[in-house]
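The following exercises concern ring geometry, helix packing and backbone torsions in a single chain. Each task is followed by a solution in steps.

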Amino acid sequence: MLHLFPSISDSVQSMRFKTLNPCISLSRLCHFKAKRGFDSLNQTSSVQNSVAVFWDLDNKPPNAFPPFEAVVKLKTAASSFGVVRSMVAYANQHSFSYVPKAVREQRRERKLLNHLENKGLIKSIDPYVCKVCGRRFYTNEKLVNHFKQIHEREHQKRVNQIESARGSRRVKLVGKYSMKMEKYKNAAREVLTPKVGYGLADELKRAGFWVGTVSNRPQAADVALRNHMVDVMDKRKAECLVLVSDDSDFVGVLKEAKLRCLKTVVVGDADDGALKRVADAGFSWTEILKGKAKKEAVSVVGKWKDRDILKQLEWTYDPEVERKLYGSEDMFDDESEDLDFDGSDDGNSSDYIHKEDSGAWWELDTESDADSSKSQ
């Protein structure tokens, strides 16, 4: 006969399981209901495999490489050590306004080509296509003028309309213009020249970095980045820290991370720098861009796993734990021994002890005394 309702024994077993399993009992105390597959065990495992990337742009800007490409390669290499949860970059205002030499040379060549195209001395094989409306132009300068006169003005109107709106109307406008604004940004990145710098902050944000701008005071970016790293360590938001810098001022932070049993990786061009000597692993920008760091990360992660296993096998003596585990058994054994000793006492032991203690302890028994004791 099938039972449609649970029996009393089943309910008792379920209650016993709830009390024995701390994860389930703790999840009951939350104000929200945990989704399936996102319980506390999964949260701890996600924290253990999480990676945080910190970039010192003042010390290590991507001057020789396109910023977006450098960030994508860096994130790919960092993902080999775990799941990248956060990416943070700090720099002062001068770093974002600075234009590298390679970018200046590209702009100079583009300006020269525009001048030659306007005079008709050279002609592009493929026409210049506007990626917003699809119109074609035979010179790059005409494309730029078209983009500024039409699409840039339309984009500015949309931005002003969104900023002036409030409440639900603003939300509707953002949803309405989101596709057009994203399309404009992608096209403007290739057509227009950034007014300040070479678009470093925008490229980093597009790749997923949180960019912080500090004042132009000396060491301002280092202090802000160091405080952010300490905050991540205090809150245990990551188990692996990836630092992009060659500045030796971060040696103390890396040592603190190792004392807290965190993994550390350094990306810099200094082969024998102070940071790479302290960190668990170190790579150069060339290794990051060529993909060599991702291949070497497999062996580094394997060494970390072996080290964790050896740490788990190490035995440490804790008197409090030993007393809790074995203290009651020792007391029970002592009491049983005392009971056995008291029970075996039949009255003859006291006489024997009295006989043994009849003489002084410094007087030795002679042979005659020993024979007399045996005869008695």
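Helices, of type H or I with at least four residues, and strands, of type E with at least two, are DSSP runs numbered from the N terminus. The model examined here is predicted.

**Exercise 1.** Determine where Arg-236 lies and what sign its phi takes.

*Solution.*
Step 1. Arg-236 comes just after helix 10, with a positive phi of about 55 degrees.
Step 2. The residue belongs to the loop between helix 10 and strand 6.
Step 3. The relative accessible area of Arg-236 is 35%, so the residue is partly exposed, since that class runs between 20% and 50%.
Step 4. A second residue to inspect is Gln-219, which is not a glycine and yet has a positive phi of about 65 degrees. Gln-219 sits in the loop between strand 5 and helix 10, and its relative accessibility of 41% makes it partly exposed.

**Exercise 2.** Compare the span of helix 10 with the expected value, and identify the elements against which its buried residues pack.

*Solution.*
Step 1. Helix 10 covers residues 220-234, which is 15 residues.
Step 2. The expected span is 1.5 Å times one less than the number of residues. For helix 10 this expectation is 21 Å, and the helix reaches 21 Å from its first C-alpha to its last, close to that value.
Step 3. Buried residues of helix 10 include Ala-220, Asp-222, Leu-225, Met-229 and Val-232.
Step 4. The packing partners of the buried residues are strand 1 (50-56), strand 2, strand 5, strand 6 (240-244) and helix 11 (251-259).

**Exercise 3.** Classify the ring pair of Tyr-90 and Trp-210, and state which parts of the chain it ties together.

*Solution.*
Step 1. The structure holds six aromatic pairs.
Step 2. In the pair of Tyr-90 and Trp-210, the ring centres are 5.5 Å apart and the planes stand at 65 degrees. Planes over 60 degrees apart count as edge-to-face, so the pair is edge-to-face.
Step 3. Because Tyr-90 lies in strand 2 (residues 83-92) and Trp-210 in strand 5 (residues 210-214), the pair ties together parts that are 120 residues apart in sequence.
Step 4. Tyr-90 is buried at a relative accessible area of 10%, whereas Trp-210 is partly exposed at 48%.

**Exercise 4.** Is the aromatic pair of Phe-147 and Tyr-184 stacked or edge-to-face?

*Solution.*
Step 1. The distance from centre to centre is 5.3 Å, with 15 degrees between the planes of Phe-147 and Tyr-184.
Step 2. An angle under 30 degrees counts as stacked, and the pair is stacked.
Step 3. Phe-147 is in helix 7 (residues 140-164) and Tyr-184 in helix 8 (residues 168-191); the pair links distant parts of the chain, 37 residues apart.
Step 4. Phe-147 and Tyr-184 are both buried.

**Exercise 5.** Identify the aromatic cluster, and the rings over which a charged arginine end sits.

*Solution.*
Step 1. One aromatic cluster is formed by Trp-55, Phe-209 and Trp-285.
Step 2. Over the ring of Phe-68 sits the charged end of Arg-206, 3.8 Å from the ring centre.
Step 3. Over the ring of Phe-250 sits the charged end of Arg-226, 5.7 Å from the ring centre.

Terms used
Residues numbered from 1 in each chain as written. Predicted model: local features only at pLDDT ≥ 70, side-chain atom pairs only at ≥ 80, totals over all residues. Heavy atoms only, no water. Phe/Tyr/Trp six-rings, centres within 6.5 Å; stacked < 30°, edge-to-face > 60°. Buried < 20%, exposed > 50% of the residue type's maximum accessible area, 1.4 Å probe, protein only. Lys NZ or Arg CZ within 6 Å of the ring centre and 35° of its normal. Contact = heavy atoms within 4.5 Å.
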